[in-house]
Amino acid sequence: MKKLNFLKMTLLAIIMMVGSVGVMGQYSGTGTFKEITALNEIESGTYYVFYGINSTYNGAMTNTISSGRLGNTSVSFSGSDIVNPATSIVWKIVGDATNGYTIFNEVVSKYCEITTNSTSGFSLVDASTHTFTASLNGAKGFFFKSNHASAGSRGISIYQTNWRSYIASGAYTLKVYKLQAAAGTPSPALTAAVGATVDNAFDVTFTDDATWRAAITSIEVGGTALNASAYSVTAGKITFTPSVDALLRSAGTKSIVVKATGYADAFVSQDIAAGAATKLTITTQPAAPAVNGTALATQPVVEIQDQYGNKTASTADVAAAVGAGAWTLGGTATQTATAGTATFTDLTATSTGAVTGATITFTSGTLTSATSVAFDIPAPVPALSINPTSLTGFSYMAGAGPSDEKSFTVSGVNLTADITITAPASYEISKTTGASFVSESPIILTQAGGTVAETTIYVRLKAGLAAGSYNENITLASGTLNETLSLTGKVKDKSVVISQVYGGGGNSGALYKSDFIELYNPTSADVVLTGWSVQYNSATGTGDYQVTELTGTIKAGHYYLIKQADGSGGTKDLPTPDVTGTITMGASNMRVALVQETTALSGNNDATLDANVVDFVGTGSAKHYEGSDAAPAASNTNAVIRKDFGATDTDNNNNDFVAGAPTPRNSNYRFANSTETFQSGAAGNWSESATWEVITDGGTTWYKIGNDAVPSNMSYGITVKHNVIDDVDVTVNFLTIDATGELTIATDKELSVNSTFTNNGNIIVQSGATLLTSSDNNVAGNITVEQLVNKPQTYYIGSPVGGTVTTTNIGDAITFTESNNQWSSPVAFANPVVGKGYGVQVGKNESPGTTTISFTGTELNSGNKNVILTIGDRKFNFLGNPYPSYLDGAEVVASANLEKTIWLFFKGESGYQFKYRNVGVPGGEGSLDDAYIAPMQGFWVRVAPEVTSNFTYTFINGMRTHKGTSTTVFRAPQVSEKQELRLALSNGTVSDEAILLFSENANNDWNSSKMMNPGLNIYTVKGSESLALNSRTAIEYDVETAVGVKAESGVYTFSASKFENFGAEKAYLLDKVANVATDLSSGDYTVNFAEAYDGTDRFALVFPRSGVVTGLENAEAAGFFAFANNNRISVNSDAQSGMIYVFNSVGQQVATQAISGKLTTVSTALPAGVYMVKVNNLTTKVVVR
C-alpha cells in the first residue's frame, strides 16, 4: 500500500514537471467518456479521447508514431459513450482558448506537436512548445488547428488508417469525448442567472437542499477553483461577486462546476456579459507607413471596453488624432464601432521630414482615451511623376522627318536634386513646340524646395534616320531616382506613293477628258508593280473597293499614270497611260489605295491599317485618310496633288496634298535634281523645267522632267540644243552649246562655267549680264556681247571677244599713246587689240536716245591676256576690260608696279570727267562708289612712281567676277579712323575735288595721281606729284600744302564738301594773291579769275597748330595764327595795324615786319628752327623746316 502511494506521488510529480495538470487525478484506465459539443466543455486538466471518422476508417488517436503519423485504434462504446478506454488513447488538455491548448499523453509523458506543413508532421516532445486552437464546424465537429508558424493550416485529422497533420474540408469528422466525474448522489439542478454582467453580483438558483449546501467544498469556473470569497451559498441560491475573482470578471459563457462531498458535480453554463463601457483599448497597434504620405502599414483596431477590459457591444464613434510628433493624420479619422470594435482602414501619415516617436490618440466621448505605441514615420520619399509613361506613333517617310511632336509632363516632389531629362539617340526633346522647337538634351528642370511643377516636354523622332523601327527610352533622373519613358517610332520605307488623283476628267469645265491616278517612285531603286493594284472607293462607301491591276516596273524617280474612265467633256487627252482602268471616280471626295495585291479592300474597314496598303489618300469628306485629316477635295478643274511633285510624305493627307490644276505624268517623266546631266528639249527659259530633259547616269534615254528642276549650282553637264534664255543666275560645271543651239544670258543675269565650255552654236551676253569661264584659253565659237548706252556720246571701251571681231553701232575710234600722252585722230574702229582701251563715238549725228552697241567675235576671251604698260609722260595707261564679265579693280591693280587706283572717264553732270577709286585705302576712297569694271569698259591705271621701265601686264581669270559677288578689300573693316578733307571747286556748272587723308596707316598706296579733266581741275601737290588723293600719316601743322588749280576765267567757290573726324582742328585756304585766309571748317571762299588760271603757287592749305597761342584768352577771336611758308613766316591776323616780331629759340629778335593786311609774310628768310612770333599781345610758336 505504501509502495502504491509512493508510485502515485512520483507520477504526479513527473506530470507537474512536464505540464500543468488539472484538478482531476491521473486517469486510472477506467471511466466513462461522453461526447462534448461545445467549446466551453473543454476544461484545462481534464482527460479526452479524439475519435475520427472518414469515409473509410474510424478510430481513436493513439500515442504511437510511425513515419510521423499517430496511430489509430478502435474503442468500446456503451451506447454513445466510450467506456474504459486504454490509457494510450487518453489525452489531457491543458490551457485555455486565449493562449491555446496543449495536448498531453501521460503514458509516454509527451506532448503532441505539429512542426511542419507536410502531411506527416506529428511529433511527441518533452516540452510544451506547441499549442492548438479549438473551433467548431457544425456537423464536422471539432477542429484542433496548429498555431505553429511552419505548420500553416495543418491540424489533427484522421486519414485512412492513421492520424496526420492534415485538414481538408469534408475529409473527416472529429468527435471529442470527455471523462466524466465519478458517480455520487445527484446534486440539485442549477439555473443560470439571467442578465448577469461583470459589473454586478448575480445569483445561480437551485431547489434548496440544505444537506447538499453543507457538503459543498468548492466551486470551479472553467476548471479552476473560484476564490471562496467570490461566492456565497444561501438557501436556494449561490451569489457570485465578479469584482472579487478574475474568473468572473471576463465576459463570456462560463462552465461553473459545484463540487460537494458525496454528491455528483453540479454543472451550469452561465453567460456573463460585459459591463458598462468605460475605456478604449487598442487591440491592433498602428504601424508606420512604408512611404511618407501613404497609408499606415497596419491600420489600428480599437475596442470599447468595460472596467475589466471586456469588449462591449457599444456602437459609439471613436476618433483618431495625432498624439506625439509633428505630422498630419489623413484618411477617415472617425469610425463607428460595430459590437464594440472600431476598425480604421485608410489612415495615412504625412510629414515634412522623418518623425521619431509618433503616436495616435483615440477618444470617444467621456471614455478613457487610448494612445498607441510609438512608431517612426520615414522621411518623405522623393518622387518623379511622368504622364504618360509611354508615347507611340512617331513616324515619317525615309528621307524626310522629323516626325510630328508628341508631349509628356514631368513633375517631382521631395526631390534632392534637379531633374535631368536625356533623349535617346534617335529622338530629340524640347521645352518649346512648333516653330519654336529647339532640340536640347539633356533638359534640366530646376527644383525649388524639392519641387518641380508640372512641365510639358515635347519629343519627336529625328529627321534623316534610316528606315526601321526606333523603340527607345527617354531617361529621367533626380538624385537616386531614375525613370524611363518608352518611345515607339518608325521610319517608313514607302517605295511608291500616290502622287495625284483626279476624278473630274470629262466633266463640265474639265481640261482633261479622263479620270486618272498617278504614282511616283521616290526611291533610288526600280519597283516591280506587277501583282499590285490601285483601288478606289467613294468617300463613305461600305462596299468593296474597285480594283485596277498594275503591270510593269516604275523606275526610280519616275512617275506612272493609270487612266480611268472617260467623260463626255474635256478637250485634252492624257499622256500615254502606263495602265488603263475603267473606274468612274468621284470628282471631289474619294478614297484611293495603292495595294501590294489585287484582292479588293472592304469599304467598311480603315485601309490605312491594312498591312498590304502601301499608300492611301482620302480627299474631302472621306471617312478614312492618313494622319490627322483628309486631303482637300478635288473638283472638275483641280486634282489632289502631292506636294513637292510627289516628294512630300509625312503620312498625313491634309499636310501632304494640295488641290491644283491636274498635271498628269507617265513613266516618261522623271523627278530630277538640279545637279544632273541636262539637255534642252525645247526652246524656252532656263528657269522652266519644260525647257529641259534629263538622262539617267549611264543610260541613253532622255526623260521629261516631272518636277520644277532646272540646271543650277554645279550641274554635272548641260547641252543647249535650242534657243534658251538664261533668265536666272546660275553656276554649272560643263556647258555645251550645240550647233543648233543658242544661249542668251539675259540682262543683269550671271552665268559661271567652272569647267569645260564648248560653243558650237551662238552665245549672246545682253547688257548688264556677265559670263565667267575658267578656261585657260579662249573658247571658240560665235559670241556677242551687248551694252545698252546713251547716244550721241563718246565711250571708252575694250573688246570682250576675240578672233574675227565685228561691231554694231560703234563709230570712229581714237587711241591713246602712253609714251607721249597723246590721242590719235578718229579712224574707223576695226581689229581691236584685246586688253587695250579705245575711245569710240556712238550715235554721232543721231537724235538723242539709247542704242545697243555690241562686239561679235569668233572666240570668247578667257585665260591670260597680256598688254605692254609704258612709262610715258605721266605713266598713265589706257586699258579695256578683255572679258564678258566684270573685273575686280582691287585685283587689277594688285601688282606692285601699279598705283592702287583705277580711273574711268565718262560724261556726268559736269561734262566729261575722270573719276577714280583708290583701293589701297581700307574701305576704298575716291569719287567712284566701287572699283568694279564692267564688260566692254575702258579704264586707266598708272605705273607706280618707282617703276622706271616698260613691262608686260597680264589680265587673268582670277580678276573676273560678277558684280556684287566679290569679297574684296572694299568690304574689309577700316584699320583706324581716317581724317578726311574733300576740297571742292565749282563754278556752279562744273566741279572737281581733291582729297586729303590723314591716318596712321597711310602709305604710298593710299595716293592717287590726278588725271587732268578737259575742263576744271583741282589737286594737291606732294613733291613733284599732282594728286587727286593725297594721304599722310598725320597732320603737319603750320605747313603749307600747295593746291593746284586749272580753270577757265570766271567766278569759282572753294568749299570743304567733307570735313570729317577733325574735332576742333581748323583748315585754312590761303589765297596768296588776295592775302586772304579762309577757315574752311566754317565757311567757303569765292575767287574771280579774270582770265584762265593754271598753277600751283597761288593757293595753299594750312592746318594751324591749336593750343599754343598765349596772351589772350580768346585768341582765335582775333583771327591770329602763324605758319611757315617755305623758309619765311606768314601771319594771319584781323588786326589792322601793328608789328610782327620774330624771336629765335634763345630769345633773340631775328626779324620784324609791319602788318600789311589780313595775311602778312615776313620778308626775312629764316633757317630751319623753332621761332616765337609776337603780334601785339599775342604770341605763338612756328617751326620752319
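Are F104 and Y111 buried or exposed? F104 is buried, and Y111 is buried too. Keep that pair in mind as you go through these legends, which describe close-up views of a predicted model.

**Figure 1. The whole chain, before zooming in.** The chain holds five helices and 106 strands. Its C-alpha trace spans about 180 × 105 × 55 Å along the principal axes. The radius of gyration is 61 Å, whereas a compact globule of 1185 residues would have one near 32 Å. Of the 1185 residues, 47% count as buried. The accessible surface comes to about 50800 Å², and carbon and sulfur atoms contribute 48% of that area. Contacts often reach far along the sequence: among those between residues at least 6 apart, 64% join residues at least 24 apart.

**Figure 2. Two aromatic pairs.** Searching the whole structure gives 44 aromatic pairs. One of them is Y51 with F77, an edge-to-face pair with 5.4 Å from centre to centre and 85 degrees between the planes. This pair links distant parts of the chain, with Y51 in strand β2 (residues 46-53) and F77 in strand β5 (residues 77-78), 26 residues apart. Y51 is buried, at a relative accessible area of 9%, while F77 is partly exposed, at 37%. Now back to F104 and Y111: their ring centres are 4.9 Å apart and their planes stand at 55 degrees, so this pair counts as tilted.

**Figure 3. An aromatic cluster, and charges over rings.** Seven residues, Y796, F816, W823, F878, F905, F914 and W940, form one aromatic cluster. Elsewhere, rings meet charged side chains. The charged end of K406 sits over the ring of F394, 5.7 Å from the ring centre. R460 lies over the face of F437, and here the distance to the ring centre is 3.7 Å.

**Figure 4. Strand β17 and its two partners.** In a regular strand, side chains alternate between the two faces of the sheet. Strand β17 (residues 202-206) shows such an alternation: F202, V204 and F206 point to one face and are buried, while D203 and T205 point to the other and are not buried. Strand β16 (residues 190-191) pairs with β17 in the antiparallel sense over two bridges, and T191 stands opposite T205. Strand β21 (residues 237-240) also runs antiparallel to β17, joined to it by four bridges. In that pairing, F202 of β17 stands opposite F240 of β21.

**Figure 5. Strand β101 between two pairings.** Strand β101 (residues 1128-1132) is mostly covered, with four of its five residues buried. Five bridges pair it in the antiparallel sense with strand β100 (residues 1121-1125), and N1125 stands opposite R1128 of β101. The hairpin of β100 and β101 has two residues between the strands, and N1126 takes a positive phi near 60 degrees there. Strand β104 (residues 1159-1161) is another antiparallel partner of β101, joined by three bridges. In this pairing S1130 stands opposite T1161 of β104.

**Figure 6. A buried valine in strand β43.** V491 is found in strand β43 (residues 481-492). With a relative accessible area of 2%, V491 is buried. A466 is 25 residues away along the chain, yet the C-alpha atoms of V491 and A466 are separated by 6.7 Å.

**Figure 7. Two cis peptide bonds before prolines.** N387 and P388 are joined by a cis peptide bond with omega of about -5 degrees. P388 has its place in the loop between β35 (383-387) and β36 (390-397). The bond from K791 to P792 is also cis, with omega near -10 degrees. P792 is found in the loop between β70 (779-791) and β71 (793-797).

**Figure 8. Positive phi angles in two loops.** Which residue has a positive phi of about 75 degrees although it is not a glycine? That residue is M936, found in the loop between β85 (932-933) and β86 (938-942). M936 is buried because its relative accessible area is 3%, and buried means under 20%. N1075, another residue other than glycine, has phi near 50 degrees. N1075 is in the loop between β96 (1068-1071) and β97 (1076-1079), and at 33% relative accessibility it counts as partly exposed.

Methods: Residues numbered from 1 in each chain as written. Predicted model: local features only at pLDDT ≥ 70, side-chain atom pairs only at ≥ 80, totals over all residues. Heavy atoms only, no water. Phe/Tyr/Trp six-rings, centres within 6.5 Å; stacked < 30°, edge-to-face > 60°. Buried < 20%, exposed > 50% of the residue type's maximum accessible area, 1.4 Å probe, protein only. Lys NZ or Arg CZ within 6 Å of the ring centre and 35° of its normal. Rg over C-alpha atoms; globule rule 2.2 N^0.38 Å. Contact = heavy atoms within 4.5 Å. Areas by Shrake-Rupley, 256 points an atom, 1.4 Å probe, with all protein chains shown as cover. Pairing = 2+ DSSP bridges.
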